[in-house]
2 protein chains.
Amino acid sequence: MISFLQHNPTKLWFGEGQIRQLKSELGGTGKNVLIVYGGGSIKKNGVYDAVLNELHKADAHVFELSGVEPNPRLTTVKAGIELCRKEEIDLLLAVGGGSVIDCVKAISIGVYYEGDVWDVISRKGAPDRALPFGTVLTLAATGSEMNNISVITDWEKNEKRGWGSPLVFPQFSILDPTFTFSVPRDQTVYGIVDIMSHALEQYFHRTENTPMIDRFIESLLITVMEAGTELVQDLHNFKLRETVMYAGTTAFNETLSNGTDGGDWGSHQIEHAVSAVYDIPHGGGLAILFPNWMSYCSEIDPSRMKKLAVNVFKISPEGKSELETAKEGIAALRSFWNSIGAPSRLADYGIDDSKLDQLVEKSFMKDEVGTYKVLNKQDVREILLRSM
Amino acid sequence: MISFLQHNPTKLWFGEGQIRQLKSELGGTGKNVLIVYGGGSIKKNGVYDAVLNELHKADAHVFELSGVEPNPRLTTVKAGIELCRKEEIDLLLAVGGGSVIDCVKAISIGVYYEGDVWDVISRKGAPDRALPFGTVLTLAATGSEMNNISVITDWEKNEKRGWGSPLVFPQFSILDPTFTFSVPRDQTVYGIVDIMSHALEQYFHRTENTPMIDRFIESLLITVMEAGTELVQDLHNFKLRETVMYAGTTAFNETLSNGTDGGDWGSHQIEHAVSAVYDIPHGGGLAILFPNWMSYCSEIDPSRMKKLAVNVFKISPEGKSELETAKEGIAALRSFWNSIGAPSRLADYGIDDSKLDQLVEKSFMKDEVGTYKVLNKQDVREILLRSM
């Protein structure tokens, strides 16, 4: 293991009806609250009304910012910052999935930052303060509800950046599985892929002596696959929504990375490049790219892919080379994702190799891609080509 | 799952050399710090010097309370409270294992409590404030370093009580595996039994739909057994100490109980009665009592014991009744504990049935014993008799 600090300040309220905690989490009456949401599905499924109802109990002055995009945009972040300053907002409340939460994280840190908020997102600025915020989660996927990570896209530059700061942990998050009942099948699938991808990224670490964390990751993957298979056929099943929702948070709140180097995250970086150029769903992109990353990297070092194959996909290693076992595991992962309806080729989104150079370039927003295998541009090109 | 709040405020600094965090955790120079420790082993193994060295860097005024007992006593708690009041202590620092930490928790809450601190421990008082404290862990066992639970014994009354309060989470805990190198073999074994018992208590819950948490518990048990087998033969092995130390904290910081009813804890309650009367090591008592609790309760409902047998002890359930499989798993647990040197009968501590009535009575300090099976006095008597 590697030395680490384990400390997550977010208060996670999990379970049906936990929206009732909102009033006390506001920390007083008469607050100016900006609720931030996406395309308006929360107005159809009752979540908006449930939130407003609790805010009114606390005599909050409610302001709204709606229309946050699936890949949230810098322009929306800036609009939110202006609104917070103008209306003297006390607390931001993200009501939605990871996109909305990521947008709120950027707004929260931008409010007190004097320069351009993109400096913070591109890791140049050094903010020292953020506006407090909470979340009401409506989509199990990114884990953003209990971590300090955010991904924002600048469409003028076609740049999609992941960033983080100790200042942007949610103060509280409310997770009611019934709030995810109306998530359609395709979004549910993308969520499952995203959750599993977070677990997998963390599995592909290079730290020795992490037996318990490795088993925790395997446990989470097995659980999500077991529940996911049924969930996509039964979208209103409380128990399955509950299982996937809690796994989604656990997959990316450091439970799976305490004491490791944090994992690889190369597949995420390449996917961010693809969705910065083509605006495809993050989970869809991962379902295509991750198995190709695994396959490519297993040809260099199959050890972790083999371990995954045996422990998660129950592939017998007998009479097989490490690489053969690894490849069978990768095929099983691909097969599971296909079985629930995830895409397997970039062509499924109409993407061909016409912008290949641009995709490779954009994958290198940070100096290096990946840690399990540090990828160079030729490696990334090959992974993208295999994914076309 | 059951609705829950996931929020642990303790900052856990894990890894070799993390004692260097102590200075910044003090939150300023010139503080009055009371270090609390046990029989003085920390003066032989270098931990005391390492702690003092860091405290001096922060210009702390250091006071000491030593001699905390393995089953920490109310009299020691009261002495600590007096000392804190007299010397106007700013921060308590537990340097030791669970006993020392539990003692410090009681001191921290007693300092500002106007009545008798035993009121708080026996859950009659309602404290509203506690003196901040940190811990430097020297024994992997109780998990007290990252939870808000404490166990204190009043020897005048022969009463051993577990209690908890949201006010007694450590502010920080420093876990350096090298600080546990000098723990002797028997204490190491008791620690392993204690850690596994915490995981097992939480496994014997009655909540439906907890697949991931159940797998996390199984993962932790398998990991501790794997490392424990080697560790008792190789006490200075860093990787094994590291694995067991991190498992010890994870076993009892709510990672294994989020969304469940919390588990049974009947074996712990019975063990507290036995060690309140006979002052035997907690881990030793658990190694004797827990398999007998499991065996007795499996005769009423073997479902969880069978699941444990199959998933952790890899017992094949084929051609066997649920109870038969369960019993094979229990035998495997007993056999593992015996293999590392844990006792299997109360007679090993010279305990016979002469105080049986008293042991039964003292097991019912709280109204009920256990939740997986709510035990009555006849049940507890039977479990104790099987353990003689």
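Is A:Leu346 buried or exposed? At 0% relative accessibility, A:Leu346 counts as buried (buried is under 20% relative accessible area, exposed over 50%, partly exposed in between, with a 1.4 Å probe and protein chains only). This is a predicted model, where local features need pLDDT of at least 70, side-chain atom pairs count only at pLDDT 80 or more, and totals for chains, interfaces and linings use all residues. Residues are numbered from 1 along each chain as its sequence is written, chains are lettered from A and ligands numbered from 1 in the order in which they are written, and side-chain values use heavy atoms, with hydrogens and water left out.

**Symmetry of the two chains**

- A turn of 180° and a shift of 0.0 Å along the axis lay chain B on chain A with an RMSD of 0.0 Å (least-squares superposition on the C-alpha atoms of residues with pLDDT of at least 70 in both).
- The two copies are thus related as by a two-fold rotation axis.
- In chain B, the C-alpha nearest the axis belongs to B:Phe216, 2.8 Å from it.

**Interface between chain B and chain A**

- The contact (heavy atoms within 4.5 Å) takes 38 residues from chain B and 38 residues from chain A.
- Of the interface residues of chain B, 100% are also interface residues in chain A, so the copies meet through the same surface.
- The two chains bury about 3400 Å² between them, 57% of it on carbon and sulfur atoms (the accessible area, 1.4 Å probe, that two parts lose on being put together, summed over both).
- Four salt bridges are counted between chain B and chain A (a side-chain nitrogen of Lys or Arg within 4 Å of a carboxyl oxygen of Asp or Glu).
- B:Lys239 forms a salt bridge with A:Glu208, with the closest N and O atoms 2.8 Å apart.
- Across the interface, 27 residue pairs are in polar contact, both residues at pLDDT 80 or more (N or O atoms within 3.5 Å; within protein, one must be able to donate a hydrogen and the other to accept it, and residues adjacent in sequence count only if both atoms are side-chain atoms).
- On the side of chain B that touches chain A, strand S1 (4-6), strand S2 (11-14), helix H8 (211-231) and helix H9 (238-250) each supply at least two residues (DSSP runs numbered from the N terminus: helices are H or I with at least four residues, strands E with at least two).
- H8(B) gives the largest share of that side, ten residues.
- That side of chain B divides into 16 nonpolar, 15 polar and seven charged residues (Ala, Val, Leu, Ile, Met, Phe, Trp, Tyr, Cys and Pro are nonpolar; Asp, Glu, Lys and Arg are charged; the others, Gly among them, are polar).

**Buried sites in chain A**

- A:Leu346 sits in the loop between helix H13 (322-339) and helix H14 (356-363) of chain A.
- Beyond four places in sequence, A:Leu346 is in contact with residues including A:Val274, A:Ile288 and A:Leu384.
- A:Asn71 lies in the loop between strand S4 (61-65) and helix H4 (74-87) of chain A.
- At 6% relative accessibility, A:Asn71 counts as buried.
- The side chains of A:Asn71 and A:Asp279 share a polar contact of 2.8 Å.

**Buried sites in chain B**

- B:Glu201 is in helix H7 (residues 185-203) of chain B.
- B:Glu201 counts as buried, at 0% relative accessibility.
- Helix H14 (residues 356-363) of chain B has buried residues, among them B:Leu356, B:Leu359 and B:Val360.
- The cover over the buried residues of H14(B) includes strand S8 (159-164), helix H10 (266-278) and helix H15 (377-387) of chain B.
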